Amino acid sequence: MDHERILVVDDDQGLLHLLKMRLTAMGFAVSTCVSGEEAIATARREVFDLAITDLHLPGLDGLAVMEELLLTHQNLPILILTAHGSIPNAVEAMQKGAYGYLTKPFDDKELTVYIEKALGQQRMSREIPRLKLLVKELYGLENVVARSPKMQLLLQQVAQVADTDATICLSGETGTGKEVIARVIHCNSRRARGPFIAVNCGAIPETLFESELFGHVKGAFTGAHGSKRGLFQSANSGTLFLDEISEIPLALQVKLLRVLQEREVQEVGSEHPTRVDVRIITATNKDLEQAVRTGAFREDLYYRIQVVPLKVPPLRERRDDIPLLAQHFLKQSAQRMKKDIRGLLPDTMQRLMLYPWPGNVRELENMIEKAVIMSMQDMITADLIPVLTQSDEGSLKPLTEAKEEFERGYLKEILQLTGGNISRAAQIAGRYRADFYKILRKYGLHPGDAKLAQNSGRDSAAARDQSDV
């Protein structure tokens, strides 16, 4: 706000002086003019963020001044000052492009509110082009790191399908950058001006899926104190990215299929469907064909989302991209942490090139960030990069298998801790009871097993106590 400039036009010298004092105290640079002709001449020499002009001026009146100002500064917000009896003229001024009007006399608070609203709009009009340029720089096809043949092939496919409305399914391991590719598709499509809404289907409780995706009306269920727009409505005219699509419950898959076919959603509790104009991009790290064979995923939905299947390669299959990605993440982390780090030493890069990258691009980003944090020099040294020996690599399990093993052990530990009390166990795990039961079934676990183990432990302890006696 320190550098924002305001032009004030009024033939009342006292009011002009008072306004300049008030606005200067608020931190603005203020230029004052006593006539419309002087104001127009000043506006041709200088750039202003806001103009305040009296409606009645000698010579050119406020309406004429406003029209001239808008010819040279098309988006300039203009506030009109008017006496109470001239309100119809002020309304006419608004119809011709004025931002608003204030009736004399006005107080400081009223003036401040109007100025902040007007300048807020002006700031936004300046910010939007900058943000659009930033998004283009981040997600333009030409800015995606793709030196390797597999990534170049992927981007060729992206370029072919981006400007269509085809439903796309991105498959690939965790951490390969599927959401980044989805954003690239959106930002290079005809929907780029619309919203991009990303949702992780694995993070939504099963009981809330329908409400989150399609919305609900007031009173649709207990706790629905007001209406809520669903993610499909929020993504209207843009792109909805459904990550971990395999986690959508079977009961809801048929409703999602209907939305994709009919392009309309029905809010929970509503009797009438709502049309939506949304492009769907899905992603999965699971084998959907296998899920179809086992009955965990509907075959008709599978074919509906697989109009254009795209495979995002793991980092170990695109090693040519590692040097560029490493430098990119290094620059980001160094800027964020305000550290002067120029690059990576050759032996450091060699370690990165030899590493197997089970966690893919996300693991590389985290590793570089940690190295930047720990580095005491202006170059990243090899000792900051972990070495994975052949024996280590051979003993590593696939990410999905390792994750499942951890989850099974974690669930067993919680059940033991709570004695099989589902309410307490679900609370500790941060899940709803229904979701917690679903996870237990997935791993073939039962709360009764923990109770039996706990009772067995008590019996053993009692037997030991008795033998001691």
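## A nonpolar surface patch

Helix α17, spanning residues 399-418, supplies the largest share of a nonpolar patch, namely three residues. The patch lies on the surface of this predicted model and is formed by F406, Y410, L417 and I428. Together these residues have about 430 Å² of accessible area.

Y410, one of the patch residues, is located in helix α17. Its relative accessibility is 33%, so Y410 counts as partly exposed; the partly exposed class runs between the limit for buried residues, under 20%, and that for exposed residues, over 50%.

## The buried side of helix α19

Helix α19 comprises residues 433-442. Within this helix, D435, F436, I439 and L440 are buried. These four residues cover an arc of only 140° around the axis, and therefore they lie on the same side of α19.

After α19 comes G444. The phi angle of G444 is positive, with a value near 65°.

## S375 in the loop between α15 and β16

S375 is found in the loop that lies between helix α15 (360-374) and strand β16 (379-380). With a relative accessible area of 5%, S375 is buried.

The side chain of S375 reaches the backbone oxygen of Q377 at 3.1 Å. When residues up to four places away in sequence are not counted, S375 touches K339, I341, I380 and L384. The surroundings of this buried serine thus include I380 and L384 as well as K339 and I341.

Note on methods. Residues numbered from 1 in each chain as written. Predicted model: local features only at pLDDT ≥ 70, side-chain atom pairs only at ≥ 80, totals over all residues. Heavy atoms only, no water. Buried < 20%, exposed > 50% of the residue type's maximum accessible area, 1.4 Å probe, protein only. Helix = DSSP H or I, 4+ residues; strand = E, 2+ residues; numbered from the N terminus. Arc of directions from axis to C-beta. Patch = residues over 30% accessible without salt bridge, like charges linked within 9 Å, V, L, I, M, F, W, Y side chains within 5 Å. Areas by Shrake-Rupley, 256 points an atom, 1.4 Å probe, with all protein chains shown as cover. Salt bridge = Lys/Arg side-chain N within 4 Å of Asp/Glu carboxyl O. Polar contact = N/O pair within 3.5 Å; in protein donor to acceptor, adjacent residues only side chain to side chain. Contact = heavy atoms within 4.5 Å.
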